[in-house]
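Visitor: Could you walk me through the aromatic contacts and the charges over rings in this model?

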Amino acid sequence: MSNGDITLTAGDAEVTVLPGNGGRVGSVRVGGVELLRQGAKFGCFPMVPWCGRIRDGRFLDGVNVQQMPLNSPPHAIHGTARDGAWHTAHTTKNEAVITYDLVAPWPHPGRVTQAFALTEDALTLTMSVETYDSSFPAQIGWHPWFNRNLGEDDVSIDFTPTWQEERGEDHLPTGRRIEPRPSPWDDCFGMPDGVDVTLTWPGQLELKIASREEWVVVYDEQEAAVCVEPQTGPPNGLNTLPRLVTPIEPLEAATTWTWRRL
C-alpha cells in the first residue's frame, strides 16, 4: 500500500497518521479541538532505534563503536525512523499498522512496526523492533508535542516520579538519580510502576498518558507545547542500559492516551 496520510475516527475523535513523514501522528482532534502542535516536525513522532541523545553520536555495539550523524551537535538525537518514509500495512476505520525498514546510517537491518488503535476516548500506540539478522541494542519511545494551550488556560502536568536522572551540562544523564525537581524540565524521570502522567487543560480536557515502561522524558521549556515521552530507557541508554533486539526476542513497547471532557 502507499504511504499516504491515514485518518482514523471513533466517536468525536479523529487521528491523522503520516507514514510519509516519519511515521508520526500528525493530528489528534477531540470534539474538533487539536491536541498536538501542528507542523512538519511536530505532532507525535516515533523515537527509534534510540531515544533522546547519544553522547557524541557514538554507541558500543558489541565490541564495535558505531558513529551516528550528529543531528543535534555534539550529539545524535531521537533515532532515524522519524526521518524516513514508512509503509502502510493495514488500515480500518479506527486502526492502522505501518512499517519501516532500518537503513543506513543505522548499521543493522531490522524492521519497525507501529500500530495505532483509536476508541472514542483513547489512542493506543504500539511499536516493535525486530531483526532476522544480527542482534543490536535499541530503544523505543514516542515524542508528542501537546499544545500548551487549547484556547483557554495553559496545561498543567501532574506526575509522581520515583527519581529524576541528574542532567549534566551536556544535557545527558550523569548516572546519578536525584529527588525530582520542579519545572521547568528537559529531564528524564523514573517511574518503575509504569509511566503515569496526567495533562489537564482546566475546564476543557484531561489526558492521561500511561505505559508499562518506566522512563519518561518531560519537556516544558517551549512556549507553544509540552512533551511527555514514554520510552524504554533513559537518554544515552544505548550506552548505559542497552536493550538487545535478537532474532528470537523483538523489543516492544506501548503507550495509551486516555481523555475525558472537564
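Guide: Here are a few questions and answers on ring pairs and charged groups. This is a predicted model, where local features need pLDDT of at least 70, side-chain atom pairs count only at pLDDT 80 or more, and totals for chains, interfaces and linings use all residues. Residues are numbered from 1 along each chain as its sequence is written, and side-chain values use heavy atoms, with hydrogens and water left out.

Visitor: How many aromatic pairs are there by this rule?

Guide: Rings of Phe, Tyr and Trp (its six-membered ring) pair if their centres lie within 6.5 Å; planes under 30 degrees apart are stacked, over 60 edge-to-face, and the rest tilted. The count by this rule is 11 aromatic pairs.

Visitor: What kind of pair do Trp106 and Phe136 form?

Guide: Both Trp106 and Phe136 are buried, meaning under 20% relative accessible area (exposed is over 50%, partly exposed in between; 1.4 Å probe, protein chains only). Their ring centres are 5.8 Å apart and the planes meet at 75°, so the pair is edge-to-face.

Visitor: And what kind of pair do Phe159 and Trp185 form?

Guide: Phe159 and Trp185 are both buried. With centres 5.4 Å apart and planes at 80°, this pair is therefore edge-to-face.

Visitor: Which residue lies over the face of Trp163?

Guide: A charge sits over a ring if NZ of Lys or CZ of Arg is within 6 Å of the ring centre and within 35 degrees of the ring normal. At 3.6 Å from the ring centre of Trp163, the residue is Arg177.
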